[in-house]
Amino acid sequence: MSAMECSNMTKETLDRMFTEGKRFDGRGLLDYRPIEISFDVSNKAEGSARVKIGKTEVIVGVKMVVGEPYPDSPDKGNLTVSGDLLPMASPRFESGPPKFNAIELPRLVDRAIRHSGILDLKELVITSGEKVWIVIIDIYPINDDGNIIDAATIGATAALRKTMIPVLDEKGGIDYHKKSKTPLSIAKDIFPMIITFFKLGDSVLLDPTREEQEACEARIAWGISKWEGQHMINSCQKGEELAFTRSDVESMMDLIPKKFDEVSEKLKKFF
Amino acid sequence: MQKTHKMTNFKRPSGRTLTEMRKMYAKVGVVPNADGSAMFAFGDTVAIAAVYGPRQLHPQHMQDPGTGILRVNYDLLSFSVYERKKPGPSRRSQEISKVTEWALSPVLDLKEFPNTVIDVQVYILQADAGTRTAGINAASLALAHAGVPMKDLVCSISVGKLDKNLVVDLDKATDFPIAKIASTNEYTLLQLDGKIQPGVVKEILGLADKACEEIYEVQKKALKEAIEQ
Amino acid sequence: MMNHTNEAHEAQEIQEVTFQESSVKKRKIVVPGEIIATGEDFLPGEGARREGQNVLASRFGLAEEAGRVIKVIAITGAFIPRRNNVVIGRVTSVSFNGWIIDIDSASSAFLPIDESPRFINKSEMNQFLDIGDVIVAKIWSVNNRGIDLSLKGKGLGKLEGGFIFRIIPNRVPRVIGREGSMITLIKEKTGCNITVGQNGWIWISGQNLEAEIKARKAIEFIVDKVHVSGLTELVEDWFAKNA
């Protein structure tokens with residue numbers, strides 16, 4: 001893998017290709033690469049998943065700890081999304097204090113998950129006002145071949161679906177040697193994901209490879225879920241410098257329900 | 001004088017005999033972006049390593065005009081252990097990064113790459129004793145996979161005492177992690193925690209040698225399989 | 001537009017042994033420290049060393065016996081720049097007396113203004129080569145300070161149109177083929193201009209997008225097949241199936 005940035009000529013060629021609806025791997029502009037999910041990345045995690053979209057790979061783990069509720073919400077547990085852009089995933093990622101991308105990724109995933117309603121924080125109370133469960137989702141990209149945000153969110157949702165609540169001992173601490181029989185209470189039919197649209201010139205595409213992503217000039221990440229048959233947008237973040245037009249956004253609103261259903265359908269077989 | 005070692009069919013809680021190692025698994029090329037990468041597992045302990053380099057070293061004042069530099073970063077993923085580990089380096093991970101570097105350096109000759117760095121990233125996905133040894137085995141494979149000039153592979157195993165018996169590849173807290181250059185009798189990592197008689201140390205090294213022979217075969221197979229599809 | 005095709009290859013010395021099947025006796029994958037051959041007769045070449053009676057591998061790669069010399073050729077890993085290599089790079093900045101070029105190697109590369117193909121005034125440097133532009137250049141010096149490039153020579157200069165992509169540098173000899181036979185085959189079948197840099201970067205420019213995409217796919221097909229013989233027939237089959 002190269003650390004070399006995108007050249008002007010490749011960017012121009014990709015622009016021409018996208019205008020003609022072509023991509024190097026033969027996909028359509030709105031097609032996802034094959035997605036694979038596997039579980040049990042770590043038997044020490046309360047839940048974990050590994051997601052591959054093409055060669056992009058992200059692993060996500062869930063840990064649950066006992067903590068205090070926030071003072072203004074004594075009847076709710078907490079959710080935190082964290083992790084690291086591991087330098088192993090790309091020649092672009094470096095060790096050291098997190099750069100913007102590293103900070104942004106968990107925050108995007110957090111908002112998509114939190115507002116989807118998949119997790120009811122009220123069900124995480126152990127003793128009201130004193131002790132609650134804190135669900136911590138940690139995201140680790142292992143190989144960056146583009147579209148890490150979408151892969152990470154699918155991973156977070158998948159890991160939550162497999163999460164088991166640890167067993168507490170008499171003193172109120174966690175006994176890791178007792179096998180848990182209680183799954184985390186998850187709304188199964190809500191499957192939050194992020195669909196990120198990328199733009200180069202006038203073309204809008206989904207699921208870019210790293211080569212394509214580096215040529216793109218703008219992106220919008222939409223957090224989406226489905227409530228009782230109704231699609232909901234739970235979060236949105238536009239990134240990079242180019243602007244999206246009104247008609248771009250309206251097209252996305254038309255596309256999102258179809259794409260969400262298409263991807264959800266493909267992922268069903270993993271659960 | 002009692003003998004403190006018995007090479008009998010004594011079985012440990014896990015069901016293994018004293019010299020039986022956990023099942024090993026190794027695969028190369030697990031991180032396509034890296035110049036070289038590998039996964040190595042001892043039973044439930046799983047390590048992955050990725051190598052980038054030789055590549056430019058910043059900041060410039062860290063460069064060595066006489067040779068390339070090996071830089072290892074080892075860490076546990078937060079959910080690899082029961083008590084969640086906060087992302088970010090800890091003192092333990094910094095120590096292990098350094099001993100891993102020392103374990104690998106003797107087989108590398110980086111003089112033909114002055115002013116560069118070879119970055120080795122090692123992460124533990126699932127920790128169940130022997131994490132640093134799994135890490136060294138994965139890193140050694142990843143360096144080879146990256147085509148870095150290497151005299152030999154480095155193999156690492158933890159040995160120690162369980163009650164009065166000498167054991168190989170401990171289930172519980174590691175007593176004596178060792179790493180050696182595969183085909184020579186040179187040890188590149190020796191660490192110890194516990195109580196052990198000097199005479200017993202010699203025997204332990206013998207056990208380690210045998211274990212490392214098995215590890216070398218696993219590593220060799222992983223490298224060859226990567227190419228002969 | 002310059003014809004970057006055959007000239008660039010004539011300009012380079014192919015550093016690695018490609019195929020000299022008549023003189024190569026055996027090729028096998030070896031790991032560091034593995035014994036390749038035993039006996040006083042053998043001479044250790046690049047990537048190999050002697051220890052006592054044995055010749056051992058000093059890296060992971062393909063061991064080759066050519067006469068009495070045993071070498072181990074790297075099949076993975078980063079690009080190691082050598083003098084006279086023809087490389088493809090991207091301009092990362094314009095300095096007062098030249099351009100800094102990313103050739104995807106461990107040291108940065110510099111193209112001095114004096115090594116342009118024609119006289120360039122300091123005031124027109126940006127117009128000739130600006131950030132993000134692509135060049136095909138020759139390495140004329142590798143030293144402690146870095147790599148120096150030159151555009152003086154047949155087939156060297158700024159590249160325009162088409163696109164560039166990367167393969168593992170050690171697969172370059174396979175893509176070029178014996179005396180350029182493989183790359184010539186691909187050019188004929190697709191009608192594209194193709195320049196292969198020793199640093200693993202490849203430039204393709206053709207009549208239309210389909211041809212360019214096909215040429216890239218053919219190259220990626222070849223890169224996949226590391227240890228396969230009869231590659232030329234396989235590639236011809238590939239073109240027949242993907243007409």
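Q: Taking helices (H or I, at least four residues) and strands (E, at least two) as DSSP runs, numbered from the N terminus, how many of each are there in chain C?

A: Chain C has 6 helices and 16 strands. This is a predicted model, in which local features need pLDDT of at least 70 and side-chain atom pairs count only at pLDDT 80 or more, while totals for chains, interfaces and linings use all residues. Residues are numbered from 1 along each chain as its sequence is written, and chains are lettered from A and ligands numbered from 1 in the order in which they are written.

Q: And what about chain A, how many helices and strands are there?

A: In chain A there are 5 helices and 12 strands, and its C-alpha trace spans about 65 × 40 × 35 Å along the principal axes.

Q: How much of each chain is buried?

A: Of the 271 residues in chain A, 44% are buried, and for the 243 residues in chain C the share is 43%. Buried means that 20 or more other C-beta atoms, placed from the backbone, lie within 10 Å of the residue's own, exposed that 12 or fewer do, and partly exposed is in between.

Q: Back to chain C, which residues of helix 4 are buried?

A: In helix 4, residues 181-190 of chain C, the buried ones are Met182(C), Ile183(C), Ile186(C) and Thr190(C). They lie on the same side of helix 4 of chain C because they cover an arc of only 95° around the axis, taken from the directions from the helix axis to the C-beta atoms. Ser181(C) and Glu188(C), on the other side of that helix, are exposed.

Q: What covers that buried side?

A: The cover for the buried residues of helix 4 of chain C includes helix 3 (172-176), strand 15 (193-196), helix 5 (209-224) and helix 6 (231-241), also of chain C.

Q: How does helix 4 of chain C pack with helix 6 of chain C?

A: Their axes, lines fitted to C-alpha atoms over the stretch in contact, are 11 Å apart, at an angle of about 10°. The two helices of chain C are therefore roughly parallel to each other, a label for angles under 35 degrees. In this contact (C-beta atoms, placed from the backbone, within 7 Å), helix 4 of chain C uses Ser181(C), Met182(C), Leu185(C) and Lys189(C), and helix 6 of chain C uses Thr232(C), Val235(C) and Phe239(C).

Q: What happens just after helix 4 of chain C?

A: Just after that helix of chain C, Gly191(C) takes a positive phi of about 70°.

How values were computed
Contact = placed C-beta atoms within 7 Å. Axes fitted to C-alpha atoms, helices over the stretch in contact; angles between N-to-C directions. Parallel < 35°, antiparallel > 145°, perpendicular 65-115°, else oblique.
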